[in-house]
Amino acid sequence: MDALEEIFGKTAQMTVLKNLIAHKDESTYLSGIADETGLSHSSVARVITPLIKSDIVIEKPLGKQIRTFRLNLDNEKTKLILDFYDSINTISD
């Protein structure tokens, strides 16, 4: 359990957010996040929606059914989350 989970608990949304942080310079798919986190595809879809609505995550359609996701590194909230994540993990090391 990392410092973020110690503070906020281990939730599906936290797991997805940490996965996106780990791949912050890459786009990914729901199935990729599900495979890497062990969460179901439907769980990932459910918990990524509020992150998209908050503009923390950018969703980009590729065709009719395929969507990619990545952190919105231009968003101030995302920058604060990344700073906090880096800081909290540095302190606990």
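Where is G63 found? I start there because G63, which is exposed with a relative accessible area of 62%, gives us a convenient way into this model, which I should say at once is a predicted one. G63 is found in the loop between β1, residues 57-62, and β2, residues 66-71. If we take the C-alpha atom of G63 and that of T11, which are 52 residues apart along the chain, the two are separated by 31 Å.

T11 leads us to helix α2. The backbone oxygen of T11 lies 2.9 Å from a polar atom of the side chain of T15, and T15 has its place in helix α2. With a relative accessible area of 13%, T15 is buried, because buried here means under 20%. T15 has company in this respect, since nine of the eleven residues of α2 are buried, so the helix is largely enclosed by the rest of the structure. The buried residues of α2 are A12, M14, T15, V16, L17, K18, N19, L20 and I21, and I would draw your attention to K18 and N19, which appear in that list beside nonpolar residues such as V16 and L17.

Let me move on to the loop that follows, between α2, residues 12-22, and α3, residues 30-37, where we find D25. Is D25 buried or exposed? At 58% relative accessibility, D25 counts as exposed, because the cut-off for that word is over 50%. D25 also belongs to a negative surface patch, which it forms together with E26, D35 and E36. As for its position relative to other parts of the chain, the C-alpha atoms of D25 and R70 are separated by 7.6 Å, although the two residues are 45 apart along the chain.

A pair with another kind of spacing is S54 and A34, which are 20 residues apart in sequence and 21 Å apart in space, C-alpha to C-alpha. S54 lies in the loop between α4 and β1, and with a relative accessible area of 27% it is partly exposed. That loop also holds D55, which is partly exposed as well, with a relative accessible area of 37%. What is the phi of D55? The angle is near 65°, a positive value in a residue other than glycine. For context, most residues other than glycine have a negative phi, and this is the reason I mention the backbone of D55 at all.

Now to the charged pairs. Side chains of opposite charge can pair when their charged atoms come close. How many salt bridges does the count come to? The count comes to two. One of them joins the side chains of E59 and R67, at 2.8 Å from N to O; E59 counts as partly exposed at 31% relative accessibility, and R67 counts as partly exposed at 33%. The other joins the side chains of E76 and K79, at 3.3 Å from N to O. Here the partners E76 and K79 both lie in helix α5, residues 76-92, three residues apart, which is about one turn of the helix. An α-helix has 3.6 residues a turn, so residues three or four places apart point the same way. In terms of accessibility, E76 counts as exposed at 53%, whereas K79, at 35%, counts as partly exposed.

Let me stay with helix α5, where N89 is also found. N89 is buried, with a relative accessible area of 16%, and a polar atom of its side chain lies 3.0 Å from the backbone oxygen of Y85. F84 is found in helix α5 too, but with a relative accessible area of 37% it is partly exposed. What does F84 form with I7 and F8? Together, I7, F8 and F84 form a nonpolar patch on the surface, with about 300 Å² of accessible area between them.

To close, I would ask you to keep two surface features of this predicted model in mind: the negative patch of D25, E26, D35 and E36, and the nonpolar patch of I7, F8 and F84. Alongside these, please remember helix α2, which is largely enclosed by the rest of the structure, and the two salt bridges, one between E59 and R67 and one between E76 and K79.

Technical notes. Residues are numbered from 1 along each chain as its sequence is written. This is a predicted model: local features need pLDDT of at least 70, side-chain atom pairs count only at pLDDT 80 or more; totals for chains, interfaces and linings use all residues. Side-chain values use heavy atoms; hydrogens and water are left out. Patches are made of residues with over 30% relative accessible area and no salt bridge: like charges are joined within 9 Å, nonpolar side chains (Val, Leu, Ile, Met, Phe, Trp, Tyr) within 5 Å. Accessible areas come from the Shrake-Rupley method with a 1.4 Å probe; for residues, only the protein chains shown count as cover. A salt bridge is a side-chain nitrogen of Lys or Arg within 4 Å of a carboxyl oxygen of Asp or Glu. Lys and Arg count as positive and Asp and Glu as negative; His and the chain ends are not counted. The place of a charge is taken as NZ of Lys, CZ of Arg, CG of Asp or CD of Glu. Helices (H or I, at least four residues) and strands (E, at least two) are DSSP runs, numbered from the N terminus. Buried means under 20% relative accessible area, exposed over 50%, partly exposed in between (1.4 Å probe, protein chains only). A polar contact is a pair of N or O atoms within 3.5 Å; within protein, one must be able to donate a hydrogen and the other to accept it, and residues adjacent in sequence count only if both atoms are side-chain atoms.
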